[in-house]
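Please explain how the strands, helices and charged side chains of this protein are arranged, in terms that suit a first-year student.

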Amino acid sequence: MVLNPVISKLAGKLVVLASASPRRQEILSNAGLRFELVPSWFKETLDKGLFKAPHEYAVETAKQKALEVARRMPFKHLKTPDIVIGADTIVTVDGMILEKPVDKQDAYRMLSSLSGKEHSVFTGVAIILCHEKENDEVDYQLVHFYEETKVKFADLSEDMLWEYINSGEPMDKAGGYGIQALGGMLVEYVHGDFLNVVGFPLNHFCKQLDMIYNRLELESGSVHNNGTHLILTQPSPNLPALSKHSSSSGPRPKSPSASQTNGTQSSPSDSPIHKVKRKDTESEVGESSWTLVNSLSKHTDDAETELRDSENTKLPPTTSRGHMIGHNLTEPEDSGPKKEELQRIIELMDGFKASKALFTASEMCVFDLLQSQPGLDAAQVAQEIKASEKGTECLLEACVSLGLLKSKERKYQRPVYKNTDLAKRFLRSDAPFSLHGYIQHCNNTVWPLFSHLESAVREGSNQHEKAFGKKSKDVFQDTFYNSQEIKLRFMNAMHSIAKVTGKAIATAFDLSRFKTACDLGGCTGAMAYEFTKAHPGLSVTVFDLPAVVEMSEHFHPLHTDNRVSFVAGDFFKDELPKADLYILARILHDWPDEKVHILLNKIADASTPGCGILLSEIFLDEDRRGPSRGLLQALSMSVGKQRGATEYSLLLESHGFITAQDVQC
Ligand SMILES: Cc1cn([C@H]2C[C@H](O)[C@@H](COP(=O)(O)OP(=O)(O)OP(=O)(O)O)O2)c(=O)[nH]c1=O
């Protein structure tokens with residue numbers, strides 16, 4: 001039995017701890033983790049001067065320790081591990097990085113520099129996920145993060161210092177002390193994770209495992225919606241506004257008692273605002289980033305942005321390789337462009353090429369073709385998709401480099417191609433979680449709009465006319481969307497996104513007390529079906545424009561659930577169907593505040609105490625510095641607006657709904 005269910009996800013996997021540290025072994029085995037011990041041979045000799053902040057040094061060392069073991073095992077141990085864990089602990093004080101002392105004198109220098117002061121202990125952790133490929137090569141997916149703990153030492157007398165050094169304890173420990181033993185007597189306070197000081201940030205590690213195995217696992221439709229949040233709100237029963245208030249379009253008067261009177265009001269510790277700020281608090285003690293080494297896709301979480309942002313604010317690099325020599329607290333000299341900096345810029349410059357390669361391969365049905373006929377070479381693919389051989393070869397090779405296709409070299413013959421798992425799951429048009437429809441929308445609608453971004457920025461208006469020769473005010477009702485083909489494409493896009501994200505949204509909250517729901521702007525009903533699938537006692541009415549409801553029949557044959565019904569209407573004008581729960585998934589960002597108020601007013605009118613709203617959107621960070629996905633989307637939005645959690649909560653509150661729960665999925 002293990003306390004943390006994430007640890008149990010590793011049962012049956014070959015987990016390797018690439019560390020000789022007895023502390024790390026003890027922490028992880030006490031947590032119930034079963035692992036094999038293969039200490040790393042990597043020498044901790046990275047040049048500290050190359051790192052902008054101390055944690056980067058610790059993370060890089062942890063990565064190198066783990067990678068060395070991951071690469072060695074298939075050859076020396078003749079087995080490939082599933083996961084390799086590496087870690088590196090350092091102590092920083094006054095801009096210096098302290099590792100393990102080389103001798104007693106070194107320990108004395110370290111401990112006297114810590115005396116009477118607060119210092120930081122950083123542990124960098126690298127988790128390497130090894131994927132064996134058919135050709136016996138191994139792909140390494142790397143997840144790394146770090147944790148910072150602040151420790152304050154009491155003033156240490158010379159006698160104490162030498163007594164402690166002579167105990168022998170300092171010698172194999174970063175900073176020359178062991179907080180878990182005699183060294184604990186030197187410590188006045190600890191802020192942060194204690195185990196991080198001892199050598200392994202167990203809590204942060206479990207959170208990362210959770211990200212790997214629960215959130216990012218794309219099995220059974222649960223996906224990580226990078227930045228998508230859901231809010232479940234319910235009207236306060238004490239608000240007269242909820243019973244019979246006139247449905248004016250402006251905000252309802254806010255009752256100061258609203259949040260105090262409802263029993264479900266969150267305490268500060270679990271209020272949505274607090275949770276949205278979770279990232280800020282976490283960033284005080286640690287950050288994480290996701291990189292894929294060698295192949296396939298690249299996951300980036302918000303913390304990676306924090307990592308970049310924090311570069312300028314952390315300690316300047318030490319200039320020495322040693323433990324305490326020559327630190328520099330002034331502005332570091334610009335030693336020319338760093339590899340990672342250039343890489344980041346190049347990634348940004350090339351981003352559009354990767355998108356367009358994906359769109360083109362998808363439009364030309366390459367993934368469908370290679371699904372039905374795996375193992376074709378470039379000439380055969382070119383013939384099937386009616387394209388030039390040269391162009392097709394370039395496209396196929398680009399897709400291989402992006403992790404969308406796999407190629408197999410053959411002696412004296414041209415390579416053959418087949419879909420990667422990613423392409424099988426998301427890119428073929430008939431896959432259960434196909435994003436084909438959404439990709440087509442990106443290629444045919446979003447892409448042309450973005451090609452006029454400069455004019456959009458100059459003019460502050462949408463560029464439909466320039467991109468498509470038609471003006472667009474209300475994207476869902478104007479002439480642009482009047483074409484059947486375009487409407488169907490848009491519905492296809494919404495359908496595919498709803499299918500991929502629907503389960504995560506439907507299961508994010510306990511909805512057992514709701515018997516009826518209304519999915520406003522529910523389009524093809526894909527989301528509604530996910531809700532009925534997840535909640536056997538729930539019936540869902542999809543409410544959307546008449547033309548949409550009419551066309552949604554194209555998608556119905558897939559579904560036979562009689563708990564999903566469709567009602568045609570305009571949610572700004574017509575009466576809303578009665579329901580216990582109103583679902584607003586990816587709706588509100590399309591509209592300015594005035595329109596949002598009209599819609600929320602109508603929901604409030606249709607609601608009785610105890611009813612709820614489930615809101616799913618990309619929430620901007622409170623400081624509006626991320627996530628990029630939301631901010632980039634805003635660039636092509638015409639009348640709508642991206643908002644943060646507090647902004648949404650305030651809009652909801654002004655119509656008598658208090659935020660009951662906020663989750664990120
Ligand atoms: C600050 C501090 C460090 N430490 C230990 C944890 C680490 O084992 C060590 C820092 O050295 P590391 O280089 O991080 O680890 P290591 O050399 O012991 O093991 P490996 O490289 O094989 O993984 O210091 C304590 O045990 N207690 C403490 O209070």
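Helices and strands are here DSSP runs, helices having at least four residues and strands at least two, and both are numbered from the N terminus. The model is predicted, and the account below follows a few of its elements in turn.

Helix H13 covers residues 339-363, and Leu-342 lies in it. Leu-342 belongs to a nonpolar patch on the surface, together with Ile-345, Ile-346, Leu-348 and Met-349. The accessible area of these residues together is about 480 Å². Leu-342 counts as partly exposed because its relative accessibility is 42%, and partly exposed covers the range between 20% and 50%.

The helix also holds a pair of charged residues. Asp-350 and Lys-353 both lie in H13, three residues apart, which is about one turn of the helix. Their side chains meet in a salt bridge, with 3.1 Å from N to O. Asp-350 has 33% relative accessibility and therefore counts as partly exposed; Lys-353, at 48%, is likewise partly exposed.

Side chains of opposite charge can pair when their charged atoms come close. In this model the count comes to 29 salt bridges. One of them joins Glu-188 to Lys-152, with the closest N and O atoms 3.0 Å apart. This pair links distant parts of the chain: Glu-188 is in strand E7 (residues 187-191) and Lys-152 is in strand E6 (residues 138-153), 36 residues apart. Another salt bridge is formed by Lys-173 and Asp-172, whose closest N and O atoms are 2.8 Å apart. Lys-173 counts as buried because its relative accessibility is 13%, whereas Asp-172, at 38%, counts as partly exposed. Salt bridges also link Asp-593, Arg-624, Lys-641, Arg-643 and Glu-647 in a network.

Which charged residue is buried yet has no salt bridge? That description fits Asp-519, for which the nearest side chain of opposite charge, Arg-586, is 11 Å away. A salt bridge requires a nitrogen and an oxygen within 4 Å, so a partner at that distance does not qualify. Asp-519 is placed in strand E13, residues 516-520. Leaving aside neighbours within four places in sequence, Asp-519 is in contact with Met-527, Ala-528, Val-540, Thr-541, Val-542, Phe-543 and Ile-583.

Ile-583 leads to the next strand, since this residue is the bridge partner of Asp-519 in E16. Strands of a sheet pair through backbone hydrogen bonds, either parallel or antiparallel. E13 and E16 pair in the parallel sense over three bridges. E16 also pairs in the parallel sense with strand E17 (residues 612-618), over five bridges; there, Ala-585 has Ser-616 of E17 as its bridge partner.

How many of the five residues of E16 are buried? Five of the five are buried in this strand, which spans residues 581-585. In a regular strand the side chains alternate between the two faces of the sheet. In E16 both faces are covered, with Leu-581, Ile-583 and Ala-585 buried on one side and Tyr-582 and Leu-584 buried on the other.

A further sheet shows the antiparallel arrangement. Three strands form this open sheet in the order E10-E12-E11. Strands E10 (376-377) and E11 (405-410) stand at the edges, each with a single partner strand, so one side of each is left without a neighbour in the sheet. E10 is joined by two bridges to strand E12 (residues 413-419), and the two run antiparallel. Within this pairing, Asp-377 stands opposite Val-416 in E12.

Note on methods
Residues numbered from 1 in each chain as written. Predicted model: local features only at pLDDT ≥ 70, side-chain atom pairs only at ≥ 80, totals over all residues. Heavy atoms only, no water. Buried < 20%, exposed > 50% of the residue type's maximum accessible area, 1.4 Å probe, protein only. Lys, Arg positive; Asp, Glu negative; His and termini not counted. Contact = heavy atoms within 4.5 Å. Patch = residues over 30% accessible without salt bridge, like charges linked within 9 Å, V, L, I, M, F, W, Y side chains within 5 Å. Areas by Shrake-Rupley, 256 points an atom, 1.4 Å probe, with all protein chains shown as cover. Pairing = 2+ DSSP bridges.
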